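Here are some notes for a first look at this model. Please read them with the structure open beside you.

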Amino acid sequence: PIVWLIAALQCVYILDFIMAMPLGPDWTRTLQFDISRMGWVSASYTTAAIVANLLGLKFLDRLPRKQMLLILWLLFSFATWLCSQATDLYTLLGLRALTGLFGAPSLAIGVAIVLDQTAPELRGRVMSTVMSGFTLAAVVGVPAILWIADRFGSSWVFHFLGCIALGLVLCIQAMIPHDSNETHAVTEPAFSSVNALLQQPQTLKMFGIQALNQGAAFLLIPVLAAFQVSNLGVARSDLSLYYLCGGIAAFLMIQAYGRWIDQYGVQRCLNLASLIFILGFYPLWTNAQVGSLVFFVAFMAGNAGRNISLAVSSSHIPTAQQRARYFSLQNIVQDGAIIIGSLLSSQILTSTAGGSIQKMPYVATLAWGFVLLTIWLHRRWFKY
């Protein structure tokens with residue numbers, strides 16, 4: 001039950017983050033700002049998440065985990081509801097940043113709580129369950145919030161998520177035992193532990209691999225939908241079908257990989273997922289319209305398989321006393337790689353007067369190189 005509770009926390013947090021994409025036009029119309037400023041909204045959330053994880057290095061693992069999770073998630077619930085009160089772009093930016101500030105460290109603590117109670121040989125299955133919250137957010141959450149926004153208005157989405165998050169506060173109180181939180185609380189100076197983590201070669205190697213992994217994906221993800229419409233001729237109304245099929249495939253991949261990783265090891269599963277992921281690049285290199293849905297599904301499923309493989313591999317590195325801070329540091333690295341990958345692709349890509357995206361083969365080839373480097377480095381440095 002605790003595993004599914006943390007998966008629910010991740011689902012709500014991810015949905016709170018990604019809803020800026022489908023609801024962006026509603027927010028720009030309601031708050032009367034230019035749609036080109038939507039990137040600011042996502043950036044404020046991600047930047048606040050990085051700041052929160054940096055600040056969390058001083059406290060995570062030093063205080064009882066259940067107590068910290070309760071406080072942070074309660075504040076996250078309130079901040080989410082408060083976003084409904086935004087009156088213009090700048091209040092929205094501030095409130096979204098506040099939400100990211102409380103939500104990001106909550107996930108690091110949640111993963112630490114789960115791993116505290118999981119044997120190493122079962123981590124594949126457990127991490128696959130936790131990470132299923134991401135795909136549930138895309139497959140179930142996005143259609144739900146779109147329906148709420150259409151029926152009641154976009155501000156009600158914040159009420160909806162805030163109430164669900166508040167309900168999860170009660171679940172945290174009822175379901176997570178106190179002894180699991182207090183067992184691993186540490187008392188050494190905060191940054192001595194952080195420095196010890198950063199001085200471990202395995203930590204730095206894994207962070208480098210995770211940065212390459214997220215960089216490869218986010219060279220492409222921000223422009224994937226636009227490329228489908230502008231270059232491949234996919235109807236705007238069909239994008240929901242593409243993301244539904246891709247989300248279902250990612251969910252099934254994560255569930256299967258939870259067992260396969262425990263049975264066959266991380267490296268074999270990472271290799272297979274990377275091959276499936278790269279197959280999804282074919283239309284990006286060729287502009288081929290035939291089978292675009294199949295290749296899109298391969299992209300989504302392969303990316304999910306790569307993420308769960310590296311998440312399990314990463315879970316073996318920190319000790320019990322280091323876990324929350326380790327995953328907080330890892331989140332900083334991943335968020336930074338996401339920002340860099342997104343900015344890098346935006347610098348390379350251009351568009352024609354008709355809206356067609358140019359130079360996508362260059363970006364896809366760069367992402368392909370990152371994928372191959374990720375495989376090679378993991379094979380060289382880790383034996384999981």
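1. How far does α4 reach from its first C-alpha to its last? The model is a predicted one, and in it α4 spans 25 Å with its 18 residues. That is close to the 26 Å expected at 1.5 Å a residue. Many names come up on its buried list: R65, K66, M68, L69, L70, L72, W73, F76, S77, A79 and T80. Note that R65 and K66 are among them.

2. Now the whole chain. It has 17 helices and two strands. Its radius of gyration is 20 Å, close to the 21 Å that the globule rule gives for 384 residues, so the chain is as compact as a globular protein of that length. Along the principal axes, the C-alpha atoms fill a box of roughly 60 × 50 × 35 Å. Of the 384 residues, 54% count as buried.

3. Next, the cores. In soluble globular proteins, nonpolar side chains tend to be buried together. Here the largest nonpolar core holds 56 residues. Y13, W27 and W73 have the most contacts inside it. Two or more residues each come from α1, α2 (20-31), α3 (38-56), α4 (65-82), α5 (89-116), α6 and α7. The largest share is that of α5, with 11 residues. Another core lies apart from this one. That other core has 34 residues, including V266, L270, A273 and L329. W73 links back to the opening point: this residue is one of the buried residues of α4.

4. Which residues sit closest to the centre of the second largest pocket? First, its volume is about 190 Å³. Of its 13 lining residues, C11, L15, V140, G141 and I164 are the closest to the centre. The elements that give two or more residues to the lining are α1 (2-18), α6 (123-152) and α7 (155-175). The most comes from α1, with six residues. What is the make-up of the lining, by nonpolar, polar and charged residues? It divides into 12 nonpolar, one polar and no charged.

5. S132 deserves a look. This residue lies in helix α6. Its relative accessible area is 0%, so S132 is buried. S132 and W4 are 128 residues apart in sequence. In space, their C-alpha atoms are 9.2 Å apart.

6. A216 makes a second such pair. Its place is helix α10 (residues 201-218). With 0% relative accessibility, A216 counts as buried. Its partner here is T365, 149 residues away in sequence. The C-alpha to C-alpha distance between A216 and T365 is 9.7 Å.

7. Then there is N307. Is this residue, in helix α15 (residues 292-315), buried or exposed? N307 counts as buried because its relative accessibility is 19%, and the cut-off for buried is under 20%. N307 and C83 are 224 residues apart along the chain. Their C-alpha atoms are separated by 30 Å.

8. Check two backbone angles. Most residues other than glycine have a negative phi, and most peptide bonds are trans. N287 has a positive phi, near 65°, and is not a glycine. It lies in the loop between α14 (282-286) and α15. N287 is partly exposed, with a relative accessible area of 38%. K359 also has a positive phi, of about 70°, although it is not a glycine. This residue is found in the loop between β2 (357-358) and α17. At a relative accessible area of 41%, K359 is partly exposed.

9. Last, α17. This helix covers residues 360-381 and has 22 residues. From first C-alpha to last, α17 reaches 31 Å, close to the 32 Å expected at 1.5 Å a residue. Which of its residues are buried? They are M360, V363, A364, A367, V371, T374, I375, L377 and H378. T365, the partner of A216 in the pair above, does not appear on that list.

Technical notes. Residues are numbered from 1 along each chain as its sequence is written. This is a predicted model: local features need pLDDT of at least 70, side-chain atom pairs count only at pLDDT 80 or more; totals for chains, interfaces and linings use all residues. Side-chain values use heavy atoms; hydrogens and water are left out. Helices (H or I, at least four residues) and strands (E, at least two) are DSSP runs, numbered from the N terminus. The expected span of a helix is 1.5 Å times one less than its number of residues. Buried means under 20% relative accessible area, exposed over 50%, partly exposed in between (1.4 Å probe, protein chains only). On a 1 Å grid over the protein atoms alone, a cavity is a set of points where a 1.4 Å probe fits but cannot get out, and a pocket is an open set with protein on both sides within 12 Å along at least five of seven lines; lining residues have an atom within 4 Å of a point. Grid points are joined across faces, edges and corners, and a volume is the space filled by probe spheres set on the points. Ala, Val, Leu, Ile, Met, Phe, Trp, Tyr, Cys and Pro count as nonpolar, Asp, Glu, Lys and Arg as charged, and the others, Gly among them, as polar. A nonpolar core is a set of buried Ala, Val, Leu, Ile, Met, Phe, Trp, Tyr and Cys residues joined through side-chain atoms within 4.5 Å. The radius of gyration is taken over C-alpha atoms; the globule rule is 2.2 Å times the number of residues to the power 0.38.
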